[in-house]
Structures are given as structure tokens and as C-alpha cells.
Amino acid sequence: MRTLFFLTLASLICFVSCKDDDEVALVDVNTSIFTIKAPAGTEIISISDVSISFTEMKSLREYSALLGEVVTLPMGLYDCSYETKAVLKDESSISEAVIYGKYPNLVVSNNMEPVSLETFLRPRNGDFVIEEIFCSSTANAKGTAYQFDTYMKVYNNSDVVLFADRMALVESQFIASTYFDYTPDMRDSRVAIKAFYVVPGSGTDYPINPGESFIICSQAQNHSLINEGSVDTSIADFEVYDESTVPTQMDVDNESVPNMERWYSDTKTIWGFSMQGNRSIAIARVPQNVSMDDFVEMGTYSYSYVNQGKTMTRSAYWIPNEWVIDGVNMCPVDMWKWNIFLPNIDAGYTYSNETNANKAQLGLSVVRKTASTTEDGIRKLQDTNDSSVDFLTAQTPTLLNK
């Protein structure tokens, strides 16, 4: 990766405010310590007005500055995000683009070192996107989770007909509420998966028009007939059906709704979305020349991590990042530790539940924002590859509004 644009490093002017022990130490950070790198495969011809946002991880207080300005920040741990317009050169052309990135776990202190910021291209809204994820389920008569009425909506955000054939629902192996230093960290090239279900079809069996969506659900049933206040997912386009090996936990198959093909799931019973909402969800497009056998032959990759002083070794099935069309990091705010997807898939995270302990948060979903509407009434959904700003949180599931 080449970088044409280097920013002159400037010294940090620091001071500490310490009138008493309760006051927070402040640091004047000269943002010229940051170097902007070009997206992979490109060179930066020019950039201007780089906006940098700093989110303090304990208080969630936000600060912002333009690159080259001095910003006063309390000492601590920050999520740093940035965005700018740029003129880029690749192998074939020179073009304008919006580039962005995120630098997690930035330590603001008196002796900060220069920081190199990776960047990625903003998507141009030309494919499927995840429109809604309802993973928390509704409440049953006991006030606990009903479990079976969860679903996801996938939206055609392009201007042409797209096909749902060989689209895959992906659930991450790692969870955002538990952080370990996984070795090797392969997230720049692959997604470790817990579940991988693929829409059937030969390639043109399930056309989706621009501005239309399709629904993938856990069980395609009218759950409101079983549990008052639940969702009717019998109208779903596809359902996840598992042939459980546990007699007491059998799935229900709606024969009028096509089943997703189970390419991989680590459960021996019935798969469902994580009701805690702490796993990342993605949609992927499986190449036409890749069969289920080919996927299995890709094998697993082994990784290790240290837990309470003990080294643990595990393995996971995976898919290449290139298959991923759209991804959403999810986690309750009070449980969040890290983002599973890197910023080129999702630079932020969203949540249906602010806190995992609040049962009142059952029955809520995340819904992608509408960026604009065309003259003929077709919505364009917001897709900046940052779920922190792209989604409305703690929403009433849209299927409950029908």
C-alpha cells in the first residue's frame, strides 16, 4: 500500500489540570500527529478537511477537530474515527471518493506517539444491505424471551434487479461482549463463523427489485397465535430450519416457505439469533463456482488466546472477507468490549438492547435509516459502513407494525 500524503508530525503541547485529586487531567492534542494512509490499492492525490471524532469510552462523550487542529481531551481511552473527501489514483483511473476509518483504543496521555490511520472507501449504495435485525425476541407470559420469532430483513439498495440466490446469513464466532487477544488475528482477510445459512437457487430464481426487501426468519410461523404480542413471520421469504438431534428441541418447518441451506452451524439443536445481540451479523454472496463441499474443504483455522493465565486453543470455520456484502457489529452498550468486523466491513456498532439486564428491552430491533427517497417513492437506505450512525436503535420490529 502506497501513501502519497504524509502529514508533518508536530509536537504535543500538554498540560495537566490538577487543582485537586478529583479533577480530570487534560491533554492538548495536536492532531498533526496523525498520518492518513491511502485505501488498499490506491494512492492519495489530494485530501482536504479531514474530520476526526474522539469518543471517550467511559463517558461516551464526543469531541471533534479537523486534522491539524489542537483539541483538548481528558486523559483516557478513546474510539477515534475520521472521514474526508479525497482524490485517489488506482491502476486504471483517478477519481473522487469519500474515505474513512476508525482507530480503536487510542490512549490519550502526556506522551502520545505518532499514529498511522488506515482508511477505506465508503460504499456507493449499489447492492444488498441489512435493513433490520430483530434478534431480541418478544416477551412471553413469564416476561422472559419467547425466542422463536426473530428475523432479518435484507434490502435491495441498488438501482437494478438483484437476486437473493446464494445470499448467505452469517453469524460471527466471536462476540463483542468478550475480548481476547486472538492469535493469529485473521480478521483482515476472513470472518470466523458460528453459523452460515445460504439461500437456495440457481442464480436467478429469487429476483428482488430496487427498493424491495426479503425476510429471513428463525421459524416461519404466526407466533402471535402462540404468544400474544409476538411477530407473524409466516410471511417470511426464507426460514432457517434445522434437523435437530435432540428430541426435546425440534424445529418447526413451514413447508410453504423455502428453507435456507445449512452449510454450517455449530449447534446440534436449533439455531437462532443471539438474543443478547452481542454477535456480529453479515450477509455474504457465495460465488457460483463454490459448492458446499468446496466450503467444507476450505477447512477451519486454529487460533489461541489467554484466559485467566491459561492458553486456550480453538478452531473455527470461516469465509473470506471478499464474500461479505454488508456486516453489522452488535452489542448492548453496557457489555461492549470490541468490534468483531474491521472498519472495511463496519466501523461502528449498534444495539437493540442498551443493557442486557433489562427485560423491558425485549421486543426491540435495529432498523437502518432512510437516507433519501426518489421521486417514484423508492427509498435509499443510509450505508456509510458505520452502524453507529446508519441504524436506529431500540425500535419496534417493523413486522409488528403490519
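**Exercise 1. The cysteines**

In this predicted model, find which cysteine sulfur is closest to the sulfur of C217, and decide why the two are not bonded.

*Solution.* Step one is to start at the sulfur of C217 and look for its closest cysteine sulfur, which belongs to C135 and lies 15 Å away. Step two is to compare that distance with the cut-off, since a disulfide requires two cysteine sulfur atoms within 2.5 Å; the separation between C217 and C135 is therefore too far for a bond. Step three is to repeat the search from C135, whose closest cysteine sulfur is in C331 at 10 Å, and this distance is also too far for a bond. Step four is to take the structure as a whole, which holds 0 disulfides. As for their surroundings, C217 counts as buried because its relative accessibility is 0%, and C135 is likewise buried, with a relative accessible area of 2%.

**Exercise 2. The nonpolar cores**

Identify which residues of the largest nonpolar core touch the most other members, and then list which elements give two or more residues to this core.

*Solution.* The largest nonpolar core has 28 residues, and the ones that touch the most other members are F34, F54 and L106. The elements that give two or more residues to this core are the strands β2 (26-30), β3 (34-36), β4 (43-56), β5 (62-66), β6 (70-74), β7 (76-89), β8 (94-108) and β9 (115-117). A further step is to look apart from this core, where another one of 27 residues is found, with F128, W271, F273 and V366 among them. As a background point, nonpolar side chains in soluble globular proteins tend to be buried together.

**Exercise 3. A strand and its partners**

For strand β24 (residues 365-368), work out whether the residues on its two faces are buried or exposed, and state how many bridges join β24 to β11 and how many join β24 to β27.

*Solution.* Begin with the faces: S365 and V367 lie on one side of β24, V366 and R368 lie on the other, and all of them are buried, so that both faces are covered. Turn next to strand β11 (residues 128-134), which runs antiparallel to β24 and is joined to it by 2 bridges; here E132 has V367 of β24 as its bridge partner. Finally, consider strand β27 (residues 391-395), which is also antiparallel to β24 and is joined to it by 3 bridges, with S365 standing opposite Q395 of β27.

**Exercise 4. The enclosed spaces**

Determine how many cavities of 30 Å³ or more the structure contains, and describe what lines the largest cavity and the second largest cavity.

*Solution.* A search of the whole structure finds 3 cavities of that size. The largest cavity has a volume of about 80 Å³, and its lining includes S172, F174, R187, R190, Y301 and N321. Sorted by class, this lining has 8 nonpolar, 2 polar and 2 charged residues. Two strands, β14 (167-175) and β15 (190-198), each supply at least two residues of it, and the largest share, 3 residues, comes from β15.

The second largest cavity holds about 40 Å³ of space. It is lined by C135, E171, F273, S274, G277, N278, R279, I281 and M330, which by class make 4 nonpolar, 3 polar and 2 charged residues. Two of these names have appeared before: C135 is the buried cysteine of the first exercise, and F273 belongs to the core of 27 residues.

**Exercise 5. The open pockets**

For the largest pocket, find which residues lie nearest its centre and which element gives the most to its lining; then do the same for the second largest pocket.

*Solution.* The largest pocket has a volume of about 1000 Å³ and is lined by 47 residues, of which F120, L342, P343, N344 and I345 lie nearest its centre. Elements that give two or more residues to the lining include β7, β9, β10 (120-121), β11 and β23 (324-328), while β8 gives the most, with 5 residues. The classes of this lining are 23 nonpolar, 11 polar and 13 charged residues.

The second largest pocket has a volume of about 660 Å³. It is lined by 30 residues, and T55, E62, K102, D386 and S388 are the closest to its centre. At least two lining residues come from each of β4, β7, β8, α2 (387-390) and β27, and the largest share, 5 residues, is that of β7. By class the lining divides into 13 nonpolar, 11 polar and 6 charged residues.

Definitions and conventions: Residues numbered from 1 in each chain as written. Predicted model: local features only at pLDDT ≥ 70, side-chain atom pairs only at ≥ 80, totals over all residues. Heavy atoms only, no water. Core = buried A, V, L, I, M, F, W, Y, C linked by side-chain atoms within 4.5 Å. Buried < 20%, exposed > 50% of the residue type's maximum accessible area, 1.4 Å probe, protein only. Helix = DSSP H or I, 4+ residues; strand = E, 2+ residues; numbered from the N terminus. Pairing = 2+ DSSP bridges. 1 Å grid on protein atoms, 1.4 Å probe; cavity = no way out; pocket = protein on both sides within 12 Å on 5 of 7 lines; lining within 4 Å. Points joined across faces, edges and corners; volume = space filled by probe spheres on them. Nonpolar A, V, L, I, M, F, W, Y, C, P; charged D, E, K, R; others polar.
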